[in-house]
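Let's walk through this structure together, beginning with one small detail and working outwards to the whole. Keep the model open beside you as you read.

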Amino acid sequence: MENLEFVQLTPNVAGLSESNLCQIFRQLVRAYSKELDEHRNRVTPPEFIEKWIDSMIRMQGESTRHLELCYADGACIGFLYGKIDQEGDSGFIKPGYGYAMEFYVKPAYRKNGYGTRMWKRLEALFLSHGAVRAYLTADPVTGRPFWEAMGFQNSGVQSPENHLDIYEKDLLPSGMQKGKYSAKPVCENGAPEVWRLYRENLDALHGSLEITQKDFADMLKASWEGTDERNFLIYQNGAPVGWMKVNGLDNEDIGWISMLVIAENYHQKGVGTFAVHFAEEYIRSAGKRKVGIHTTEDNIPARNLYTKCGYVVTEYGECTTGDGKSRMGYTFEKMME
């Protein structure tokens, strides 16, 4: 399946009516509104729809609001609009939740996996702002089956604004916190901590001194713009003591723990075990049956940790590490029950 491109829609100095992107968005919302009207046996006045479109565009610019057009192979196939609810927002709100406000895929592109990938994009944006739960109101005809397939559940409460059922979903597995340990999504704002942990473990990772803090910020930002990779900071008693990266989330049956770095003073204190178990739950929640890990032969602590957590060696051979040198390494795998 082709890659999707997401284009953020923002107010522009040329004015709303002169933007090509805004004109495309207007056409999408008109079709979206017509479909909603048909499902609820009503007719929304055209002037109301145009004012609604204008207000959505004008409200963009805040870092916690995301109104994006989605393109597949150069064709615009729909849009998504979500935000993080904050204290002081008007109307019905759930502070700290990600709110999927509007979501539309053109009929010709439905049932091809595009909607799922668009939701994963919005989910990633919510997680990048620290939200761990999302909600929405679902159109009863086309919306409800789709959102239930995405894992949303009816809360049993109706929105006082549109009188539709409110659906909710956890964005992270329940194992994100256990006792004094916790895992939290990290985006570009967390680059200083990730860079620090990387530098402290440079020898064990066989990493490159040429990687800068800005490089990490760019990497973390890019990971939230796609659907295949996620980064987390691991905390002990509120202090960041580890960095973990999981990827392969777009694979059919196996996800990977592609990076696990624990601060030297926190080795053999349970941090690594918690991180591995959290990654397993996260990868399992993405529908994968197996978890894989690569490590070098000389990284004895990592090999011991993975063996302790039930992983078995499936491959042994030469690999190239971040410093450009060839070393012998292992691939570990574990089946999820």
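Histidine 163 is exposed, with a relative accessible area of 53%, which puts this residue over the 50% cut-off. Please bear in mind as you look that this is a predicted model. The phi angle of histidine 163 is near 60°, a positive value in a residue that is not glycine. You will find histidine 163 in the loop between S6 and S7, where six residues separate the two strands of the hairpin.

A second histidine makes a nice companion. Histidine 206 also has a positive phi, near 55°, and sits in the loop between helix H6 (202-205) and helix H7 (213-225). Is histidine 206 buried or exposed? At 10% relative accessibility, histidine 206 counts as buried, since the cut-off for that label is under 20%.

Now return to the hairpin and follow its strands into their sheet. S6 and S7 are antiparallel and are joined by three bridges; glutamine 158 has aspartate 165 of S7 as its bridge partner. On the other side, S7 meets S5 through five bridges, again antiparallel, and here arginine 133 stands opposite aspartate 170 in S7. Five of the six residues of S7 are buried, so this strand is largely enclosed by the rest of the structure.

These strands belong to an open sheet of seven, ordered S1-S2-S3-S4-S5-S7-S6, in which the pairing is mixed. Its edges are strand S1 (4-8) and strand S6 (153-158), each of which pairs on one side only. On average, neighbouring strands of this sheet are turned by 30° against each other, direction ignored. Further along the sheet, strand S3 (residues 75-84) and strand S4 (residues 98-105) run antiparallel and are joined by seven bridges. Within that pair, tyrosine 81 has glutamate 102 of S4 as its bridge partner. Helix H3 (residues 114-128) packs on the sheet, and its direction makes about 30° with that of S3. The strands that H3 touches are S1, strand S2 (65-72), S3, S4, strand S5 (133-137) and strand S7 (165-170).

Let's move to the other sheet. This one is open too, with eight strands in the order S8-S9-S10-S11-S12-S13-S15-S14 and mixed pairing. Strand S8 (177-178) and strand S14 (312-320) form its edges, each pairing on one side only. For a parallel pair, look at strand S12 (residues 254-262) and strand S13 (residues 290-296), which are joined by four bridges. In this pair, isoleucine 254 has lysine 290 of S13 as its bridge partner.

Which strands does helix H8 lie across? They are S8, strand S9 (181-185), strand S10 (230-236), strand S11 (239-247), S12, S13 and strand S15 (326-335), and H8 runs at about 155° to S12. H8 (residues 271-285) has 15 residues; at 1.5 Å a residue these should span 21 Å, and the end C-alpha atoms are 21 Å apart, which agrees. The helix is mostly covered, with eleven of its 15 residues buried. Among them are Val271, Phe274, Phe278, Tyr282 and Ile283, together with Glu280. Just after H8, glycine 287 takes a positive phi of about 90°.

Finally, step back to see the protein as a whole. It contains nine helices and 15 strands, and its C-alpha atoms fill a box of roughly 70 × 45 × 40 Å along the principal axes. A compact globule of 337 residues would have a radius of gyration near 20 Å; the protein has 22 Å, which agrees. Buried residues make up 49% of the 337 residues. Of the contacts between residues at least 6 apart in sequence, 61% join residues at least 24 apart.

How far can you lean on these details? The mean pLDDT of the protein is 91, and 96% of its residues reach 70 or more. Residues 13-17 are where to take care: their pLDDT stays under 50, and the model has seven contacts for this stretch beyond four places in sequence. Where pLDDT is low, the predicted coordinates should not be read in detail.

Methods. Residues numbered from 1 in each chain as written. Predicted model: local features only at pLDDT ≥ 70, side-chain atom pairs only at ≥ 80, totals over all residues. Heavy atoms only, no water. Pairing = 2+ DSSP bridges. Axes fitted to C-alpha atoms, helices over the stretch in contact; angles between N-to-C directions. Contact = heavy atoms within 4.5 Å. Expected span 1.5 Å × (residues − 1). Buried < 20%, exposed > 50% of the residue type's maximum accessible area, 1.4 Å probe, protein only. pLDDT = per-residue confidence, 0-100. Rg over C-alpha atoms; globule rule 2.2 N^0.38 Å.
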